[in-house]
Structure formats: structure tokens, C-alpha cells
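Let's walk through this one from the ligand outwards, then look at how the nonpolar residues pack.

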Amino acid sequence: MTDLNNKVAIVTGGGKGIGAAISMELARNGVKVVINYNTSIGSAEKLIMDIKEIGGDAYAVQADVSNLEESKKLVEEAIDHFGRIDILVNNAGITRDSTFKKLSEEDWRTVIDVNLTSVYNTTSAALSYLLESDAGRIINISSIIGQAGGFGQTNYAAAKAGMIGYTKSLALELAKSNVTVNAICPGFIDTEMVQEIPENVREKIVAKIPQRRFGQPDEIARGIIYLCKDGEYITGQQLNINGGLYM
Ligand code: NAP
């Protein structure tokens, strides 16, 4: 089992929703957390206060992770502040849903850049530091939509499926090092992203989930802790946390 005390994590989009739950759970386990945000400075600052209240340590860095230079700056600031990086959680993501006929090139590119290209950006910037860790972890937050597809979500599904292929390939390349690479595929989790879905559609989704409820952000966060703590021999995998919706 890996001792997480004083390890350092970067969580992209770590100030809100699933990312905030991940940041908090890592902090509860003794990890120093670099909380990346793009626009939501208020949520990131509030989370830092909450983490400090439970005796943890966290630091916020603004960066648009779809941009390589900003991702490099994020990693540099993490190193300047905490001196090491052991865990990289690629959680930042957006949706721009539209049926394919109506999908604009801009919405295609933006979703690919924020969800998928960001993973290249942060990983390439952080990899040399992760390789210095005795238990490096890269965890990519993909989605059930990348596995099963989603109506009106060709852009998002392509990005999230891309993350899965990326995870397996990088896991192979890094298998002889101390760095594991895995994906978590959440089902429908009760955050702003899902709260934006119209109520009548939400009801239909819940009716299809075998466990008949949305997941909670901390249920994803506990998956992260499992992979970080007990995941020495787990690499290239998809951990499905979805109430049985996709098996
Ligand atoms: P959310 O509440 O909308 O949060 C999205 C997060 O991504 C925010 O912290 C946001 O930060 C950050 N972000 C967006 N664009 C960014 C950028 N360019 N650079 C840096 N950060 C950026 O969504 P969520 O539900 O927590 O989703 C988190 C992840 O889980 C996403 O990758 C999503 O695709 C995935 N996921 C969610 C569900 C679900 O049901 N909720 C299911 C499967 C997968 P700012 O607010 O600062 O921009």
C-alpha cells in the first residue's frame, strides 16, 4: 500500500464538481493539492480554506489546460510551491452538446481541446517529475459516454474515448517505470454538468440506471484514492463508477 502523506497532486479543474471532491479527498489522505482552475477562482479559494480547516495543504493555480504554455506554467508553479509531483488527475472537462448536423467546427474543436488535448499538455509538462516519484499516478477522468456514446455528444464522446486509448498506450510505455496510468469512467454524477440537463431528460436517465440514482462526486474521489493507495499493480485500466449503467 502506498503512503500518500506529503505526496503532491495536481488536479485539473480541481476547484468545482468532481474535481473539488477529488481535491478534498486527496487532502484528507495527507496529499498536498495543487488545485487548477480556469475561471472559477471563488470556488478554488473556498476549497483551499476548507482543506486548510481539516489540516491539509492546497494551492490554487489559474491555467487553461487546453493551452500547452499555460499547462507548463501550471506544472512550474506546482514545482515552485511544493517541490514535487506524484499524482496528476486530468479532470478538467466541458460539454458543448449538439446533434452532429448542427455541430459547429468551433464546438468540435473546443471540446476536443479542453477534454483531450489538455491531457497531452499537462502530462507532457509533468511527466519528468512523475517519473521521479516512487509511486507516480496519472488518472484521466474519461466518461461512460466515451464507452457507450451519447446522443448529441459526438465531440465529447470522441474526446472521452480518445482518453481511454491514450491511457492504455501511455500505460504500456510507462509500465516499466513507477508511474501507473488509468482512467476513471464516471456514469452520471450529480454536478453542474448534469444539473444543466433538462429535468424531464434527467428523469429518463435515472430510470435507466440500474441503481436508480445519480452518482455523487465523492464516489469518484474514492476511486481516485483507491488507485493512488492500492493501485501499484493496476495500470491501463478503466474504473467504471456508474451505478451499473454500462457493464
Ligand atoms: P463541472 O462541475 O462542470 O466542472 C468542470 C471543471 O473543469 C471545472 O472545475 C472547470 O473549471 C474545469 N475546466 C473546464 N475547462 C477548463 C480549462 N480549459 N482549463 C482548466 N479547467 C477547466 O463538471 P464535472 O461534472 O465536475 O466534470 C468533471 C470531469 O468529469 C469532466 O472531465 C467531465 O467530463 C467528467 N465527467 C463528468 C460526469 C458527470 O456526470 N458529471 C460524467 C462523466 C465524466 P472552471 O470552472 O474554473 O472553468
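α1 (17–28), β2 (32–37), α6 (154–174) and α7 (192–195) each put at least two residues into the shell around the ligand, with α7 giving the most, three residues. Helices (H or I, at least four residues) and strands (E, at least two) are DSSP runs numbered from the N terminus. This is a predicted model: local features need pLDDT of at least 70, side-chain atom pairs count only at pLDDT 80 or more, and totals for chains, interfaces and linings use all residues. Residues are numbered from 1 along each chain as its sequence is written, and side-chain values use heavy atoms, with hydrogens and water left out.

There are 30 residues around the ligand (a heavy atom within 4 Å of it), and Ser40, Asn91, Tyr156, Ile189 and Thr191 come nearest. On the backbone side, a polar atom of Gly13 is 3.0 Å from a ligand oxygen, and a backbone N or O atom of Thr39 sits 2.8 Å from an oxygen of the ligand. For Val65, a backbone N or O atom lies 3.1 Å from a ligand nitrogen. Taken alone the ligand exposes 880 Å², and the protein buries 93% of that (Shrake-Rupley, 1.4 Å probe).

Now for the largest nonpolar core, meaning buried Ala, Val, Leu, Ile, Met, Phe, Trp, Tyr and Cys residues joined through side-chain atoms within 4.5 Å, where buried is under 20% relative accessible area (1.4 Å probe, protein chains only). Of its 31 residues, Ile22, Leu26, Val33, Ile35 and Ile224 touch the most other members. α1 gives the most to this core, with seven residues.

How values were computed
Polar contact = N/O pair within 3.5 Å; in protein donor to acceptor, adjacent residues only side chain to side chain. Buried < 20%, exposed > 50% of the residue type's maximum accessible area, 1.4 Å probe, protein only.
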